Structure formats: structure tokens, C-alpha cells
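Student: I have a model open and would love some help reading it closely. Could we take one part first and then see what surrounds it?

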Amino acid sequence: MTASRFAILLPRLERGDAIGHDALGMQTALRRAGFEARIFAPRWDRGLEAYSVDALGRFLSSNDDVLLYHYAVGWQRALELFRELRCRRVIKYHNVTPPEFFAPYNESYAELCRLGRAMLADFTLTEPDLFLCDSEYNACDLRAMAVEEARLAVLPPFHRTEALLNIAPDRNLLARFGPGPFRRRTNIIFAGRVAPNKGHLNLIESFAVYRRAADPRARLLIAGRRDPGLAAYNRALDERVAELEIGDAVHFLGKISEAELKALYLVADVFGLLSRHEGFCVPAIEAMALKTPLVAISRAATPETIGDAGLLFDEYDPTLMAAAFERAASDSDLRFALCARGAERFEDRFSQRTLEAAFLETLGPFSGARAS
């Protein structure tokens, strides 16, 4: 048997990005198992190891080598490579946000999503050897395109949650939002991209109801980069905060460091996850690992990620969400149960050890030469 080379391909490798973390985790697992693995991208953050896409063909010199592409947007160059290269080909499918979420705010973003969803069919016609899906929800997209079960596998993404567990929290954020000298203030948090599918408007509305009904001193802490291309969405969020007269209580923290993210979970009472579309949702497993109770609506992949480790609701209702925030924040027995379930679920399903073993087992047929 001849060990294969693995080329991991994605449009951009950047810190703090869930897809980038998945690619880096795959590279680490493959190298630990003794394979040569490199990441290829047109752009990457300074200090990260990656190679130009132009060098990809020279690296994949054998039919037994593997091209592993992370699919979340339409990318013509990747499709051309899948058509041209004669090596084994694998797609890690992270899902594509439905365009209707972006259409009211940025039509060019909506068009990119339409392209990404349409191009997926073109990729299936190249007959990749294997599709890895973050979730069963994602796998359903491919089944609808007649991809057979033998070429489908569900594999949650690699992440940096265990690194988060092991680093020191940011002291400034702890001091700013931690318990005060007189009475603790409830902190509802959300971490993730500031984008229309993430349900920020519903979260802000639910928080306003909670603040009126349960804790007038409560705060809503929202971490995540505010994309200048979504200026209209950012304005809609600010306008809703102003309309509800909660500007003193809602804090948009922007893109934060891992140390700040660790501190955010430590000061949190509840993680409000009201996203309407998620292909997986890594922040949910961060919350479970760091023992932050989750309140969520059952949309897309959210329920299969959280399982029984959160309070999940079939429909969005701001009064119901506010009541759930209150229970998760104040009912000590419920908090203990949710935190225990979350920690156990993280360890059993999403720990680095578990993901690495599943990844290498799934790629077992690709770890040597093709059968003659």
C-alpha cells in the first residue's frame, strides 16, 4: 500500500472562521496519522501555513492522492479542478445559506448564495468519491440530488473548542461584564457571524421582552464581525435596538479574540441561539463545553447539534423565548441538568479525540493505493 497525499482546498484560510478551523483540524489529524497534507487557498491570513492553488496540480502527482474541498460557496476554479484532476476527490459540504436571507440587504450576496446552491449540482456531476457532511441536515441536500448513500458520510467539523477550554480568559471582558459589587446582572449572549440567517432581530426582540418581564438590568452581548457588505442589516439591528429603547443594554462586541470569547462564555447566563439556518453551528458546542445553557429554535441543523443539551422550541415566539431565558438563567436544577448534558454530549460526540477517530476511519479507503 502506498500512502496518499492530501490536498485540502478552500477559498480562504482565516483565523476565527469555522471552515478554516475544520481544514486545519483535518490537516493536523492527517499529519498525525503519518500522511503528507497541505492546505491550498487563493488567500490566507498571515502566519498560517498554506499554498497557492496554482501549485495544487504539482502536489497531487498520483491518482491515489486526494483532493479534499470545503464547499460553502460557489467557486468556479474548484469546479474546474474537480473536472481536470484524476486523483481521488472528496467534498466536505458545509451547506450554503439560502439566498432569501440576504436578498433584502445585499443582492450580490444573495446572488453568490444562488450560485453556490446551483453549482453544487455541477459538483455532483463530477462524481466525487465521497461527500462528507457536517450534519444529517446537510446530507439531505445531497440526497435530493440523487447522491447515493455509499458516497455520503456525516462528520461534524473540527473546531478549536478544546483550545478555548485551556486558555486564560480575557481579564478586561471579565471585569466589564462579570458580576458587579451589589447585584448580578443577567447576561444573554450570542457568538457567531452577524448575518441575516442568524436571527439577531428575533434575539433582540426576545431580549427586550425578557428585560421588561424578568431583569431590567440584563444585558445582551453579541460577538461577531459586522460585515460592511451587510450595512443595511447592521442598520436594521441598530434601529430595532433604538425602537425598543434598549441601547444601554445591547453590546455589539465585534470580532473578538479567543481569550475574549472564553471570557464571554464565563460571564454568560444563557446562550440565545435563534438562527433560522445553520449547517452545523460550532458556537453551540462551545457553549456546551463551557457549560452555558442553550435556548434555541429548532431550525436546520441546530436540533441535531444540540440534542437534549438545551431548551429547543419548534416555533419562534418572543414571549416564549423570554420565559425560556428566565428559566435557564434562574432555575438552578435546570441549569445543572443542561450543563451536565452539554458537557457529556461534547465529550461523546464533538471532542477532538472523537472527531479525529471518525475522520480517519471514514477516510480509511483513501489511505493507500487504489485496488487494481
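Student: How do the axes of helix 8 and helix 9 lie, that is, within what distance do they come and at what angle do they cross?

Tutor: Happy to help! Keep in mind that this is a predicted model. Two packed helices are described by the angle between their axes and the distance between the axes. Helix 8 covers residues 200-213 and helix 9 covers residues 231-243; their axes come within 10 Å and cross at roughly 10°. Because of that angle, helix 8 counts as roughly parallel to helix 9.

Now look at the residues that touch. Helix 8 contributes His 200, Leu 201, Ile 204 and Glu 205. From helix 9 come Tyr 233, Ala 236, Leu 237, Arg 240 and Val 241. Sorted by class, this contact between helix 8 and helix 9 has 6 nonpolar, 1 polar and 2 charged residues.

Next, let us turn to the sheets. One of them is an open sheet of 6 strands with parallel pairing, in the order 11-10-9-12-13-14. Strand 11 (250-254) and strand 14 (310-313) are at its edges; each has a single partner strand, so one side of each is left without a neighbour in the sheet. On average, neighbouring strands here are turned by 20° against each other, direction ignored. Inside this sheet, strand 9 (residues 187-191) pairs with strand 12 (residues 270-273) in the parallel sense over 2 bridges. You can find Ile 188 by looking for its bridge partner in strand 12, Val 270. Helix 10 (residues 258-267) packs on this sheet and touches strand 9, strand 10 (219-223), strand 11 and strand 12. The direction of helix 10 makes about 145° with that of strand 9.

There is another open sheet to explore, with 6 strands in the order 3-1-5-6-7-8 and parallel pairing. Its edge strands are strand 3 (36-40) and strand 8 (152-154), each pairing on one side only. Here, too, neighbouring strands are turned by 20° against each other on average, direction ignored. Strand 5 (residues 66-71) and strand 6 (residues 88-93) run in the parallel sense and share 6 bridges; Leu 68 has Val 90 of strand 6 as its bridge partner. Helix 4 (residues 107-125) packs on this sheet, where it touches strand 5, strand 6 and strand 7 (130-133). Its direction makes about 160° with that of strand 5.

Strand 7 deserves a pause. Strand 6 and strand 7 run parallel and are joined by 4 bridges, and Tyr 93 stands opposite Cys 133 in strand 7. Both faces of strand 7 are covered. On one side Leu 130 and Leu 132 are buried, and on the other Phe 131 and Cys 133 are buried.

Cys 133 leads us to a last point, the cysteines. A disulfide needs two cysteine sulfur atoms within 2.5 Å, and by this rule the count is 0 disulfides. Cys 87 shows why: its sulfur is 19 Å from the closest cysteine sulfur, that of Cys 133, which is too far for a bond. Cys 339 is in no disulfide either, as the nearest cysteine sulfur, in Cys 281, is 17 Å away. Cys 87 is buried, with a relative accessible area of 6%, and Cys 339 is buried too, with 14%.

Key
Residues are numbered from 1 along each chain as its sequence is written. This is a predicted model: local features need pLDDT of at least 70, side-chain atom pairs count only at pLDDT 80 or more; totals for chains, interfaces and linings use all residues. Side-chain values use heavy atoms; hydrogens and water are left out. Buried means under 20% relative accessible area, exposed over 50%, partly exposed in between (1.4 Å probe, protein chains only). Axes are lines fitted to C-alpha atoms, for helices over the stretch in contact, and angles run from 0 to 180 degrees between N-to-C directions. Angles under 35 degrees count as roughly parallel, over 145 as roughly antiparallel, 65 to 115 as roughly perpendicular and the rest as oblique. Contact means heavy atoms within 4.5 Å. Ala, Val, Leu, Ile, Met, Phe, Trp, Tyr, Cys and Pro count as nonpolar, Asp, Glu, Lys and Arg as charged, and the others, Gly among them, as polar. Two strands pair if DSSP finds at least two bridges between them.
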